[in-house]
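The following exercises invite the reader to examine individual residues step by step. Please attempt each task before reading its solution.

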Amino acid sequence: MNQSSKKMIWEIGLLPFMWGELPTPTNGPDLPDALPFTLSFDEQTGRIYQVEREEVDEALTVAYEKGSKISGMMDSVGLGRRYAEDFIAYLQRSIGQKRLDGMRVLEIGCGKGYLLFALEQLGASCIGIEPGVHGQDGAKEYGVRIVRDEFPSNQIEGKFDLIILYAVLEHVSQPVEFLAAIKNAMTPDGRIVLSVPDCGPYIRTGDISMLIHEHWSYFTKRTLEAMLLMAGMKSVEITASGFGGSLNATAKIDFNSRTKGMDIPVPIKGLREDFKTFVTKGKESIRRVEAFVKDQRALEQTLAFYVPGRVVNSLTLSGVDLSHCRFVDDNEVLHGRFYPGINISIESRQELLARPTETIIIFSRSFGEKIANEIRPMLPPSVRIVLWNELFG
């Protein structure tokens with residue numbers, strides 16, 4: 001970790017450029033399979049962030065126009081429906097009412113627009129903004145208005161009682177300035193409701209699976225609160241989501257603050273140590289993954305990575321031979337698909353049970369033990385199952 005000029009930097013190296021499920025093990029001619037990734041620490045808010053690079057910006061512009069589909073997008077079915085229901089329940093609790101009659105709602109980064117559709121059923125008047133082509137497909141599917149553009153946009157007029165940022169703020173390279181600009185679109189009594197991934201558990205354990213080029217910021221509860229205060233918000237309330245491992249937050253405009261609230265002090269000493277811990281543990285986790293894969297190969301043992309999205313960063317950085325490895329996931333959307341730069345097709349649980357490997361390592365802190373208990377009775381006794389915490393402690 002470079003600490004020259006008191007700026008903390010981790011030059012991680014090349015990470016896979018992931019933007020959606022791939023039918024082949026490459027992003028194709030218009031997007032790279034891997035790009036450099038550098039982490040740093042914001043001395044004002046304690047936020048861990050990805051350092052901007054022109055080549056990353058250019059790739060993200062292409063990916064967003066193509067319709068980036070990183071998992072977590074709301075939809076009318078499957079996991080997308082569960083994300084939506086959880087967030088709607090939170091929104092209703094935060095505003096203290098079930099119905100949204102008469103409320104004017106703007107969702108920035110609305111994806112396919114399912115949330116807009118659901119909120120209109122509750123009485124709201126909604127409009128969304130989404131740069132990806134999938135927004136226009138969703139507008140037709142759900143019968144909602146979605147502007148294909150980025151915020152702020154001259155196609156969006158007037159003030160809004162409610163502005164929603166669901167899985168958006170982490171995609172913004174300058175979040176304080178972005179939040180400050182949003183205030184201009186809010187009514188005096190309006191509020192912002194948002195959701196971001198809760199990176200606290202990842203940071204504490206050095207879990208580098210949280211790192212993707214689409215995400216510029218890696219928020220904890222403390223750094224998200226600091227960001228909102230510095231952007232000139234008040235009445236900030238942050239809670240853990242009921243589903244999906246996110247932080248949900250609501251806030252109102254603080255008319256007594258300066259434009260960006262940059263004079264608000266944030267105690268960051270402990271947060272600085274969090275960054276150092278993440279770097280130290282992150283490097284160690286890469287070494288452990290590399291050693292584990294090499295050991296299995298030396299023993300001529302086949303190895304399955306269950307929930308492989310959590311390990312592709314470490315595998316790419318380690319550069320180990322994966323010819324004895326397989327990928328398995330319970331998400332049907334991923335079956336038969338690939339991660340960029342890795343020629344291993346993702347299989348279903350049924351395929352693994354029909355043709356088991358000699359070792360299975362489950363890369364899920366939350367559901368690892370549950371998955372292990374479900375598959376163990378259907379596997380030969382000789383199959384070894386390793387849980388995430390057994391590898392990383």
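The model is predicted. Ser 235 belongs to strand E10, which covers residues 233-240.

**Exercise 1.** Determine the sign of phi at Ser 235, and state whether this residue is buried, partly exposed or exposed.

*Solution.* Step one: phi of Ser 235 is positive, about 50 degrees, although the residue is not a glycine. Step two: most residues other than glycine have a negative phi. Step three: the relative accessibility of Ser 235 is 46%. Partly exposed covers values between 20% and 50%, so Ser 235 counts as partly exposed.

**Exercise 2.** Locate Ala 167 and describe its phi and its exposure.

*Solution.* Step one: Ala 167 sits in the loop between E7 and helix H5 (175-182). Step two: its phi is positive, about 55 degrees, and Ala 167 is not a glycine. Step three: with a relative accessible area of 33%, Ala 167 is partly exposed.

**Exercise 3.** Identify the kind of peptide bond that joins Phe 151 and Pro 152, and place Pro 152 among the strands.

*Solution.* Step one: omega is about 0 degrees, and the bond between Phe 151 and Pro 152 is cis. Step two: most peptide bonds are trans. Step three: Pro 152 is found in the loop between strand E6 (146-147) and strand E7 (160-166).

**Exercise 4.** Is Trp 216 buried or exposed, and where does it lie?

*Solution.* Step one: Trp 216 occupies the loop between helix H6 (200-205) and strand E9 (217-218). Step two: its relative accessible area is 3%. Buried means under 20%, therefore Trp 216 is buried.

Terms used. Residues are numbered from 1 along each chain as its sequence is written. This is a predicted model: local features need pLDDT of at least 70, side-chain atom pairs count only at pLDDT 80 or more; totals for chains, interfaces and linings use all residues. Side-chain values use heavy atoms; hydrogens and water are left out. Helices (H or I, at least four residues) and strands (E, at least two) are DSSP runs, numbered from the N terminus. Buried means under 20% relative accessible area, exposed over 50%, partly exposed in between (1.4 Å probe, protein chains only).
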